[in-house]
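Could you take a look at this one with me? I've jotted down some notes to read alongside the coordinates.

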Amino acid sequence: MRGRYDNQLVSIIMPCFNAMNVLGDSIDSVLAQTYANWELIIVDDASADQSLATIEPYLTDPRIQLLAKEKNEGVALARNDGLARSTGRYVAFLDSDDLWRPRKLEQQLTALTEKDAVLSYSAYETFQESPLKMLCDKMGIDIWETIEASSTKPFGFMRFNPGPGIGGHCIPLDPIYLSWKAKEANFFSRFIELAQETNSQMPDYIVHKAVTALNTVKKSLNGSTILLIGMAYKENIDDLRESPSIPIFESLQAQGAMVSFCDPLATDFRSKDGATHHTIPLDYAQMAHYDLVITLTCHDLFDKDKMAEHSRLILDTKNAFAHIDSRKIVRFGDATFQIANEATHVSL
C-alpha cells in the first residue's frame, strides 16, 4: 500500500452542527479506515447540543483535532476553516451525518495514483441500516424485546432473528438463484435483491459496531486483540459456505486488529489471500486475554455463562447472552450502550 502512494497524509475535513446523535458514528467510520495516515479536523459550527461533549473523548487520538467556532457561519465556511488548518497531501470531506466504508481512503488513493489524477469521487448509498435491527440500534430500542413482543400476536407471525449476515447457499432454495432465473423471463424481483443487499452489508456493520464497542473502553481497532466465536454459517454445523464470519475476520484483520477465532466444529478456513487460519482451543480462561470477543455463531457447545465470566468485553450479535445482565456485554439496540457511546464513552 505504501509503495503505491507513499503513505501521504490525508486531511479529513468534517463540519459539524448539532449532530450529537450521528457524529460518533461518522468519526468511528474514519477510525475504521484501512489507510491510517490521516488527520481529522472537526469544525464545530457553534453547536447548541452536546456535539462538543461527543467529540471530546475522541481527542485522545492525536490524529483528531477540534476547531470550535463561537459563531455559526454555515457549512461552507466551516469547510474552508478546516481546509485552512489542514496539512495533508490529500484532502477529503466527510459530513458529520455520513459514514465511510472501511476501504474508502485506500481505494481512492489507489485510483488517484494509478490514474495520475488530482481528483477522485465515488458513488454514495442512501441506507436505512438493515431495516429493523439497525433502526432499533439507532433508536436505542432493544430489537430482541421487539421481536418477543411481536411473537405474542395471534396473527401470522414468523420469527426471524437478526445476525451478522447469511450464508450456506442451497441452489434449489436460494432466493438469489430465484432472482437470477426470474431475469431470464424479463422479470425483476426487486424485493429479493433488496434483501440480499441488506444482508451483504451486515459484515461491514458488525465491524463498525466492533469499532464503537472498543471506543467505549478507549481502545482503537488497530492493534486490538479480537476473538470471534463461531465461523460456520449457522449454529451446530461445520459448514463454512458463504459464511459472513469470514469477511468479518478479513476486514478486522485488514484494519490492523489481531484476530483469532474459536469454532470446534468449523476448525479452519482459507482467506482470500490464500492463508489458512485454524481455530484456537476452547479455553474460557483464555478469553480474558482479548480486548473484545464477538459472538457470531453460537453453537450449543459454547457455555455462555463461562464466556461472560471470563471475557473483558463482548459484542453479542445473536442475543446469546440475553439471560445475563452485565455492562461488559454490548447488545444491538442497548440503550445504555447508546448513551455511553454518544455522550460520555464511559467504560463498560
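Below are my points, going from overall confidence and fold down to individual side chains.

1. Confidence first. Keep in mind that this is a predicted model. Mean pLDDT for the protein comes out at 79, with 71% of the residues at 70 or more. One stretch to treat with care is residues 126-130, where pLDDT is below 50 and the model shows eight contacts beyond near neighbours in sequence. Another is residues 335-348: pLDDT stays under 50 there too, and the model has 41 contacts for this stretch beyond four places in sequence. I'd read the contacts of both stretches with those scores in mind.

2. Overall make-up. The protein has twelve helices and eleven strands. Its chain runs to 348 residues, 47% of which count as buried. If you take contacts with a separation of 6 or more, 65% of them join residues 24 or more positions apart. The exposed surface adds up to about 17800 Å², and carbon and sulfur atoms supply 54% of that.

3. Strand S2. This strand covers residues 38-44, and seven of its seven residues are buried. What points which way? Trp38, Leu40, Ile42 and Asp44 go to one side, while Glu39, Ile41 and Val43 go to the other, and all are buried. Note that both sides include an acidic residue, Asp44 on one and Glu39 on the other. As for its partner, S2 pairs with strand S1 (residues 10-16) in the parallel sense, over seven bridges. Within that pairing, Ser11 sits opposite Glu39.

4. Helix H5 and the salt bridge at its start. H5 spans residues 104-114, and its buried residues are Lys104, Leu105, Glu106, Gln108, Leu109, Thr110 and Leu112. Glu106 is also a salt-bridge partner: Arg103 meets it with the closest N and O atoms 3.6 Å apart. The two ends of that bridge differ in cover, since Glu106 is buried at 12% relative accessible area, whereas Arg103 is partly exposed at 43%. After the helix comes Asp116, with a positive phi near 50°.

5. Helix H10. Here we have residues 245-254, mostly covered, with seven of the ten buried. Those buried are Ser245, Ile246, Ile248, Phe249, Glu250, Ser251 and Leu252. As with H5, look just past the end: Gly256 follows H10 and takes a positive phi of about 95°.

6. Other salt bridges. How many salt bridges does a search of the whole structure find? The count is eleven. One of them joins the side chains of Asp61 and Arg63, at 2.9 Å from N to O. Asp61 counts as buried at 15% relative accessibility, and Arg63 is partly exposed at 23%. There is also a network, in which salt bridges link Asp45, Lys69, Glu73 and Asp81.

7. A bridge between two loops. Arg312 and Asp291 form a salt bridge, with the closest N and O atoms 3.1 Å apart. Arg312 belongs to the loop between helix H11 (304-310) and strand S10 (314-316), and Asp291 to the loop between strand S8 (276-278) and strand S9 (292-295), so this pair ties together parts that lie 21 residues apart in sequence. Is each partner buried or exposed? Asp291 counts as buried, at 11% relative accessibility, and Arg312 as partly exposed, at 42%.

8. Arg327. This residue lies in the loop between S10 and strand S11 (329-331). It counts as partly exposed, with 46% relative accessibility. Its C-alpha atom is 8.6 Å from that of Leu313, a residue 14 positions away along the chain.

9. A nonpolar patch on the surface. Which residues make the nonpolar surface patch of about 240 Å²? They are Leu83, Val91 and Phe93. Val91 is in strand S4, which covers residues 90-93. Patch members need over 30% relative accessible area, and Val91, partly exposed at 39%, is above that cut-off.

Definitions and conventions
Residues are numbered from 1 along each chain as its sequence is written. This is a predicted model: local features need pLDDT of at least 70, side-chain atom pairs count only at pLDDT 80 or more; totals for chains, interfaces and linings use all residues. Side-chain values use heavy atoms; hydrogens and water are left out. Helices (H or I, at least four residues) and strands (E, at least two) are DSSP runs, numbered from the N terminus. Buried means under 20% relative accessible area, exposed over 50%, partly exposed in between (1.4 Å probe, protein chains only). Contact means heavy atoms within 4.5 Å. Accessible areas come from the Shrake-Rupley method with a 1.4 Å probe; for residues, only the protein chains shown count as cover. Patches are made of residues with over 30% relative accessible area and no salt bridge: like charges are joined within 9 Å, nonpolar side chains (Val, Leu, Ile, Met, Phe, Trp, Tyr) within 5 Å. A salt bridge is a side-chain nitrogen of Lys or Arg within 4 Å of a carboxyl oxygen of Asp or Glu. pLDDT is the predictor's confidence in each residue, from 0 to 100. Two strands pair if DSSP finds at least two bridges between them.
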